[in-house]
Amino acid sequence: MGQLQTKRVYDPAEAGDGRRVLVDRLWPRGIKKERAQLDWWAKELTPSAELRKLYHAGEMPFEGFAAAYLDELEASDAAKAAAAKIRDYLTEGDVTLVYATKNTAQNHVQVLERWLRHHMRLDA
C-alpha cells in the first residue's frame, strides 16, 4: 500500500509524488497543466463554493469550516466514490493530494486527508 501525502501545486513535481490529485475547486493561478503533472482533478472532494467563500472571507473559524466540510464529505456519494478511487491508486503506489492555498497550517486539505485516512482506514 502506498503513502498518502500532500503538497502545494507550486512545488515541483517529483517522482516520489506517485499519482498527483488536484483537490482544489478552482484551477491554481499561474500554473500550466503541463507543469502541474496531474493524474486527476478531484473536484468532488473539494468544499462547496459557499463554504469555501465563507471561510476565506473570515466569516467562519477554521474549526467551524472543518466540521461543515466533514459533513459535506460524509453526505456526498461522489466524495465516497472518489475516496474509493484514491484507495485503488494507493494499492499501486503513493498518492499526493495537490493544492494551491498559501496557508499550509489550516486548510481544507488537512481536513480532507484526515477524512480519507479515516474513511479508508489508513494509519495516520
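Which residue in β3 does V21 stand opposite? V21 stands opposite W40. This pair opens a set of close-ups of a predicted model.

**View 1. Strand β2 pairs with β3.**
The close-up takes in V21 and, opposite this residue, W40 of β3. Strand β2 covers residues 19–22 and is joined to β3 by 2 bridges. The two strands run parallel. L22 also takes part, with W41 in β3 as its bridge partner.

**View 2. Strand β2 pairs with β4.**
Here the strands β2 and β4 are linked by 4 bridges. Their pairing is parallel. Look for R20, whose bridge partner in β4 is T96.

**View 3. The whole sheet has four strands.**
The sheet is open and holds 4 strands. Read across it, the order is β1-β4-β2-β3, and the pairing is parallel. Which strands stand at the edges? They are β1 (4–8) and β3 (40–41). Each has a single partner strand, so one side of each is left without a neighbour in the sheet. In a regular strand, side chains alternate between the two faces of the sheet.

**View 4. Helix α5 lies over the sheet.**
α5 lies across two strands, β1 and β4. Relative to β4, α5 runs at about 155°.

**View 5. Helices α4 and α5 pack together.**
Two packed helices are described by the angle between their axes and the distance between those axes. For α4 and α5, the angle is about 75° and the axes are 10 Å apart. An angle from 65 to 115 degrees counts as roughly perpendicular, so α4 and α5 are roughly perpendicular to each other. Which residues of α4 meet α5? They are A79, K80, A83 and I86. On the α5 side, the contact is made by W115, L116 and H119. The residues of this contact divide into 5 nonpolar, 1 polar and 1 charged.

**View 6. The largest nonpolar core draws on several elements.**
This core has 29 residues. L45, I86, L97, L112 and L116 have the most contacts inside it. Five elements give two or more residues each: α2 (49–56), α3 (62–75), α4 (77–92), β4 (95–99) and α5 (108–119). α4 gives the most, with 6 residues.

**View 7. L112 and its neighbours.**
Setting aside residues up to four places away in sequence, L112 touches V23, L45, Y69, L73 and L97. Separate from the largest core is a second one of 6 residues. Its members include V9, I31, A36 and V98.

Key:
Residues are numbered from 1 along each chain as its sequence is written. This is a predicted model: local features need pLDDT of at least 70, side-chain atom pairs count only at pLDDT 80 or more; totals for chains, interfaces and linings use all residues. Side-chain values use heavy atoms; hydrogens and water are left out. A nonpolar core is a set of buried Ala, Val, Leu, Ile, Met, Phe, Trp, Tyr and Cys residues joined through side-chain atoms within 4.5 Å. Buried means under 20% relative accessible area, exposed over 50%, partly exposed in between (1.4 Å probe, protein chains only). Contact means heavy atoms within 4.5 Å. Axes are lines fitted to C-alpha atoms, for helices over the stretch in contact, and angles run from 0 to 180 degrees between N-to-C directions. Angles under 35 degrees count as roughly parallel, over 145 as roughly antiparallel, 65 to 115 as roughly perpendicular and the rest as oblique. Ala, Val, Leu, Ile, Met, Phe, Trp, Tyr, Cys and Pro count as nonpolar, Asp, Glu, Lys and Arg as charged, and the others, Gly among them, as polar. Two strands pair if DSSP finds at least two bridges between them.
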